[in-house]
Amino acid sequence: MSETMSTEEKKLPLNGRRAIPPNNSNDEENDVPEMEAFGLIPRGFNPRDYLRVVDIYMFKDPHEINKQQHHTDKFYNPKLIVRRGQPFQIQIDFNRPYNPETDQFWLEYLMGRYPQQNKGTYIPILVGNVLKPGEWGAKIIHRENNSLRLSIMSSATCIIGKFRLYVAVWTPFGILRTRRNLSTDTYILFNPWCQQDAVYLDDEREREEYVLNDVGIVFHGNIEDVKSRSWSYGQFEENILDACLFLMDKAELELSGRGNPIKICRVASAVINSRDENGVIAGSWDNSYDYGVAPSAWTGSVDILLEYYSSKQPVRYGQCWVFAGVFNTFLRCLGIPARLITNYSSAHDNNANLRLDFFLDDEGKVDTRLTKDSVWNYHCWNEAWMTRPDLPVGFGGWQVVDGTPQETSDGMYRCGPASVQAIKHGHVCFQFDAPFVYAEVNSDIFYSRRAKNGTQVVEKIDTTHIGQLIVTKEVGGDGMMDITEEYKFREGSDEERLALETAVMYGVKKQSTRDTTYEPQKDVDMDFQVQKAVLGNDFKVTITFRNKSRNSYTATTYLSGNIVFYTGVTKSEFKNHSFSAKLEPSSSSSFDVVIKSSEYMSDLLEQASFHFFVTARINETGKILAMQKAAILEIPTLRIKTKGELVAGKEMSVIVEFTNPLKQDLENVTLRLEGPGVLRTIKKVFGRIPMNSTLTWEVKGIPIRPGLRKLIASLNCDALRHVYGELNVQIQKP
């Protein structure tokens, strides 16, 4: 005790500004007296003469009324979990029948170490005759012998988190309270089913998807080759709710602010990454993942959140889809509707000037020394659904929040919430971080080179490459939903120009081309196509010129093939090929460049991403054509099948198979398998898989929940990453 006392004393010297220390931990508690005397207690006083609580029944089992009506029956959590602004029931058993004429009792809900009524952390509830919608209250709905059944309404704006419940009885000499009882603790969450809640969503199918679905799809790859994989959110798994509440404690969000989804999203976007205050996930983009798990190996959020909750140290490692996957779990777990978004060809613009600069040297090749901006093949963020009373009418609904550390916002690595509607219309003056998101989906690419006299010559401006496709998983299925139109008007439309002018007016920097000379090439078009190829095979790149003029031209053409991180940052150039192309008047001509597997295999990074730059100089006019594209190799998949009956409560077998397609052995191969409601995550390491051989792994498990569930597996080793497999399984009722 003395040890805890000394830390208390250290913590408590109060400063002159606050009467009580900050109340920002849902975990800490205060001592509540069982007898709160009004003054001196006479000698003959016996608390047993008064009404006394014998037992409290919470109706907290998954099949009982509270969890059924509040859509919380999927949580693996023995305590009562309800959603705010909606009535729930409890039963109190007294030592004798309750007499309303003489007996007086009330309920008290408390949170944190310093409960205060005006902060919403101490809530006394008197028993009345009516319940007002969306306000705290209680009424008796059934009386029998010594028992009362109460219906309790919580406020539609109350704090989210874990409350302690006490029942208090009035006596002439003081207040008698029930003992601290952990089993009556009550979690209160956001309520998208309640019209007065800030996160109210009016479509039942969308609520099923964006709040209750515990698996989702991450779209990755690139614009030419969209790929998808499943992700297990697992927001209802054991201890995940406590882990999510702990994140708010970790971010030191004042308890009184925890009813506000805007504040929660803002602090969560900072605490999801480890760049400030040792948040959940440490990012790593350098392809070496010693002492941690490679980002591509994770199959879901549960392992990450549970590891963080127990170790309190950042979990290694994540990249954008991992940050977004964990953030989605956090939001859905607390009851905020959320979805994971992928933006293809996403601009990481270091100074939000709506312009990505690629500098070319005299020969037309990209100058890697000067070029600092990059185009991510894709970038994942989240959208959360809420009203925005802090903004003008019309900017509620989906809000962008991003936990991937890219740039600082108000001194911390965080981003959002930014209204999608405000981004579409260019109203980037509205908080938070709208200019950054606007640039991610709307920047232009400038290809320029320094002429001999020192002036900058812009050779090409590409206005359509960035943010070409923005997608999320469809409601109720695994397909892709294109939501590009939610973020931007059609390229080239009047509305798009107007939105851009609005954004510029509100301070998004857009450099004019006045200080540079820009004379685009009109009479020759160039395009190129990368053949779809399987990892380990040769493929070709076809470059096509269309000469629209009546002149003959020769074009000195460079193709640079680079192995890149999915963020567009180059690791190494593996192909550098130049040739002279003869362009006949008014005709098209194509040229093939073959890429051999031996040229790229040794340096390949985990997402098997290539980036091709093709630049051509028309010798007769000196004009330069430039184009860039990302390409991805087909990576082999894992095959999953099941054996035996698929019945809840009975043992079943899951078999994972993989054939090594590479011309080399794979070493230190890690397999992971998980399925919410079917299997906890299981890992196994295999020493080596020889080339062309097949590995088979059998796992036994007992599914808990009936219904349609998903199994997700990943394979990972230094030579091969991003290998996934999945299987839908229908678990029968026993």
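Helix H9, which covers residues 434-442, is largely enclosed by the rest of this predicted structure, because eight of its nine residues are buried. The buried set is made up of Ala434, Phe436, Val437, Tyr438, Ala439, Glu440, Val441 and Asn442. So it isn't just greasy side chains that are tucked away here: for a residue to count as buried, the relative accessible area has to be under 20%, and Glu440 and Asn442 make that cut along with Phe436 and Val437.

Asn442 turns up again in the annotation. The UniProt record, an unreviewed entry, lists Asn442, Asp444, Glu491 and Glu496 under "binding site". These four span 55 residues in sequence, yet no two of their C-alpha atoms are more than 13.5 Å apart, so they gather at one spot.

Two of the listed residues are worth a look one by one. Glutamate 491 sits in a loop, with helix H10 (484-487) on one side and helix H11 (494-505) on the other. Its relative accessible area is 35%, so it counts as partly exposed. Setting aside residues up to four places away in sequence, glutamate 491 touches Thr463, Thr464 and Glu496. One of those partners, Glu496, is itself on the UniProt list.

Glutamate 496, for its part, belongs to helix H11. With a relative accessibility of 10%, it is buried, because the cut-off for that label is under 20%. Its contacts, again leaving out neighbours within four places in sequence, are Phe489, Arg490 and Glu491. There is also a polar contact of 3.4 Å between the side chains of glutamate 496 and arginine 497.

Elsewhere in the chain, asparagine 77 is found in the loop that links helix H2 (65-69) and strand E3 (80-83). Loop or not, asparagine 77 is buried, at 12% relative accessibility. Apart from its neighbours within four places in sequence, asparagine 77 is in contact with Lys67, Tyr187 and Leu241.

Next come the sheets. Strands of a sheet pair through backbone hydrogen bonds, in either a parallel or an antiparallel way. One open sheet has four strands in the order E31-E30-E33-E34, and the pairing is antiparallel. Strand E31 (570-583) and strand E34 (624-632) are its edges, each pairing on one side only. On average, neighbouring strands in this sheet are turned by 15° against each other, direction ignored. Strand E30 (residues 553-564) and E31 run antiparallel and are joined by twelve bridges. As for individual positions, threonine 554 stands opposite lysine 582 in E31.

Another open sheet has three strands, ordered E35-E36-E39, also with antiparallel pairing. Here the edges are strand E35 (639-643) and strand E39 (694-701), and each of them pairs on one side only. The average turn between neighbouring strands of this sheet is 20°, direction ignored. Eight bridges hold the antiparallel pair formed by strand E36 (residues 652-659) and E39. Within E39, threonine 696 is the bridge partner of glutamate 657.

How values were computed:
Residues numbered from 1 in each chain as written. Predicted model: local features only at pLDDT ≥ 70, side-chain atom pairs only at ≥ 80, totals over all residues. Heavy atoms only, no water. UniProt positions renumbered as here; feature names shortened; annotations may be inferred. Helix = DSSP H or I, 4+ residues; strand = E, 2+ residues; numbered from the N terminus. Buried < 20%, exposed > 50% of the residue type's maximum accessible area, 1.4 Å probe, protein only. Contact = heavy atoms within 4.5 Å. Polar contact = N/O pair within 3.5 Å; in protein donor to acceptor, adjacent residues only side chain to side chain. Pairing = 2+ DSSP bridges. Axes fitted to C-alpha atoms, helices over the stretch in contact; angles between N-to-C directions.
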